[in-house]
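Student: I am new to this structure and would like a close look at a single part of it, set carefully within the whole. Could you take one helix and build the picture outward from there?

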Amino acid sequence: MNPVVIGIIGICLLIVLFLLRLPVSFAMAVVGFAGFAYLTTFDAALAVLSRDIFDTFSSYPLSVIPMFILMGTFAFASGISERLYKAAYTWVGHLRGGLTIATVFACAGFGAICGSSTATAATMGQIALPEMKKYKYDDTLATGTVAAAGTLGILIPPSTVFIVYGIMTEQSIGKLFISGVLPGILLTIFFAGTVVFLCWRKPHIGPPGPPAKRKEKLRAMTQVTETLILFLLAIGGLFLGWFSPTQAGAIGAGGALFIGLARRKLSWKSFFDAGKEGLRTSCMVLFIITGAIIFGKFMAVSRIPLELAEWLGGLPIHPMAIITIVIIIYFIGGFFMDSMALIVLTIPIFYPLVRKLGFDPIWFGVMIVVLGEMGVITPPVGVNVFVIKGISPNVPLESIFKGIFPFLVALIMVAIILMIFPQIATFLPGFITY
């Protein structure tokens, strides 16, 4: 049978396994192994399976993942997220929708030391939602804002998705991190603007809080100093070439641990809980990468990526129209798959096409992260929405999904802007030479 047909059958089987709720990593590994064995030999598939698993788990570049994940878990245990939220509320809480605007800014700040959308949404949801309930904020606005703003965790560096993309495409993780800074700031502004617009149309959904005095605002600035130092130390040092991504993650994790100890916020229990959560998340990401590598080998021998690249590349249409089709595929795929799973599944298929068409791989990485952000808040998967539902069980699921749609519009607008002005993503990485 034609290898391309086998590849298409494999993709369809993979989707079926996803729908059956088989873990993403195991689904990709099983289909990849079976497909590779069918197109080559069983012994060759066994050799690839053993070699890829060993290479993945013994790879030094992959050690950057647990380091940055541990940085985020230690930051949460150290109370950094709570102090970020209080500082943001002190400055903007007196505005209509001030609590939700503060949530957006706090999510952006925590995303700068976390790297995970679900962790950002869960952390800020536990802090912000009770406060918004206290001030009688509309449930749809409150929950929708936290779910959407949590997505900033995978765009603003450090980002686990950027790390995985960089490893799979052999792109500089430092350049990918820096490429997310300006788009992350732009998206934060759009999210805050969305809140302002919604509260302007319906003032009752976000009543203003009591204004803070100037001294309180100045005092609040000291609450974000540690976050700024941690970010500049880890990401700034990486940007300046002082240390590698893995070293940056280790320094960030050590810095977050030191902050927790210095503030006496880190007990033995919270220390072990943070380590356990970091280990669990790291193992999940590494297993997904391993499954994706095995599935990628199957895609390579099926020739689907090459055939697709040649077919689309030969179409008599502008390359931007072709990349628009790819982006639409990512957008639709986000409805049904987690962002990490979607990216590791499709990179072996679409990345060769992107390179053939001459698009910047750093820009493409930013684009698919933005599209992945849409996936974590859109139905039926919408993992961030289900995280917020777990925190606010009394709020109907449909209300939370209704709340995210204005922010989805903001995400789409940012994606369009990045397509028109790719320099927003590629400007800062141009200063990095490694």
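Tutor: A word on terms comes first: helices, of at least four residues, and strands, of at least two, are DSSP runs, and they are numbered from the N terminus. Read in that way, the chain of this predicted model has 22 helices and 0 strands. The part I will look at closely is helix α14, which covers residues 245-262, but a short view of the whole chain will help to place it.

The chain holds 434 residues, for which a compact globule would have a radius of gyration near 22 Å, and the value for the chain, 22 Å, agrees with that. Along the principal axes, the C-alpha atoms fill a box of roughly 75 × 45 × 45 Å. Of the 434 residues, 55% count as buried, and among contacts between residues at least 6 apart in sequence, 80% join residues at least 24 apart. The accessible surface comes to about 19000 Å², and carbon and sulfur atoms account for 71% of that surface. As for charge, there are 28 positive and 18 negative side chains, and the centres of these two sets lie 13 Å apart.

Now to α14 itself. The helix has 18 residues, and at 1.5 Å a residue these should span 26 Å; the C-alpha atoms at its two ends are 25 Å apart, so the length agrees with the expectation. Its buried residues are Pro245, Thr246, Ala248, Gly249, Gly252, Ala253, Gly255, Ala256, Ile259 and Gly260. The cover over these buried residues includes α4 (64-77), α5 (80-92), α10 (173-179) and α13 (225-239).

It is worth looking at what lies on either side of the helix. Serine 244 is placed in the loop between α13 and α14, and because its relative accessibility is 23%, this serine counts as partly exposed. Leaving out residues up to four places away in sequence, serine 244 touches Tyr60 and Leu238. Serine 244 and proline 61 are 183 residues apart in sequence, yet their C-alpha atoms are 9.4 Å apart in space. On the other side, just after α14, arginine 264 takes a positive phi of about 60°.

A positive phi also appears in two other loops. Lysine 136, in the loop between α7 (117-134) and α8, has a positive phi of about 60° although it is not a glycine, and at 67% relative accessibility lysine 136 counts as exposed. Glutamate 170 lies in the loop between α9 (160-169) and α10, and α10 is one of the helices that cover the buried residues of α14. The phi of glutamate 170 is near 60°, again a positive value in a residue other than glycine, and this glutamate counts as exposed, with a relative accessibility of 74%.

Another of the covering helices, α4, can be followed through threonine 73, which has its place there. Threonine 73 is buried, with a relative accessible area of 12%, a value that falls under the 20% that sets the limit for buried residues. Setting aside neighbours within four places in sequence, threonine 73 is in contact with Ala274, Glu277 and Gly278. Those three contacts can be set beside a long separation: threonine 73 and leucine 312 are 239 residues apart along the chain, and their C-alpha atoms are separated by 43 Å.

Helix α15 covers residues 268-302, and serine 302 lies in it. Serine 302 is buried, with a relative accessible area of 0%, and, apart from neighbours within four places in sequence, this serine is in contact with Pro3, Val4, Gly7 and Leu39. Phenylalanine 36, in helix α2 (residues 24-39), also counts as buried, at 10% relative accessibility. Beyond four places in sequence, phenylalanine 36 touches Thr41, Ala44, Ala45, Val48, Lys297, Phe298 and Val301. One of these partners, lysine 297, is 261 residues from phenylalanine 36 in sequence, while the two C-alpha atoms are 7.1 Å apart.

A last residue for comparison is threonine 145, found in helix α8 (residues 139-149). At 0% relative accessibility threonine 145 counts as buried, and the residues it touches, not counting those up to four places away in sequence, are Thr100, Val104, Val195 and Phe407. To return to the helix you asked for, the picture of α14 is one in which buried residues, among them Gly249, Gly252 and Gly255, have a cover that includes α4, α5, α10 and α13.

Technical notes
Residues numbered from 1 in each chain as written. Predicted model: local features only at pLDDT ≥ 70, side-chain atom pairs only at ≥ 80, totals over all residues. Heavy atoms only, no water. Rg over C-alpha atoms; globule rule 2.2 N^0.38 Å. Buried < 20%, exposed > 50% of the residue type's maximum accessible area, 1.4 Å probe, protein only. Contact = heavy atoms within 4.5 Å. Areas by Shrake-Rupley, 256 points an atom, 1.4 Å probe, with all protein chains shown as cover. Lys, Arg positive; Asp, Glu negative; His and termini not counted. Charge placed at Lys NZ, Arg CZ, Asp CG, Glu CD. Expected span 1.5 Å × (residues − 1).
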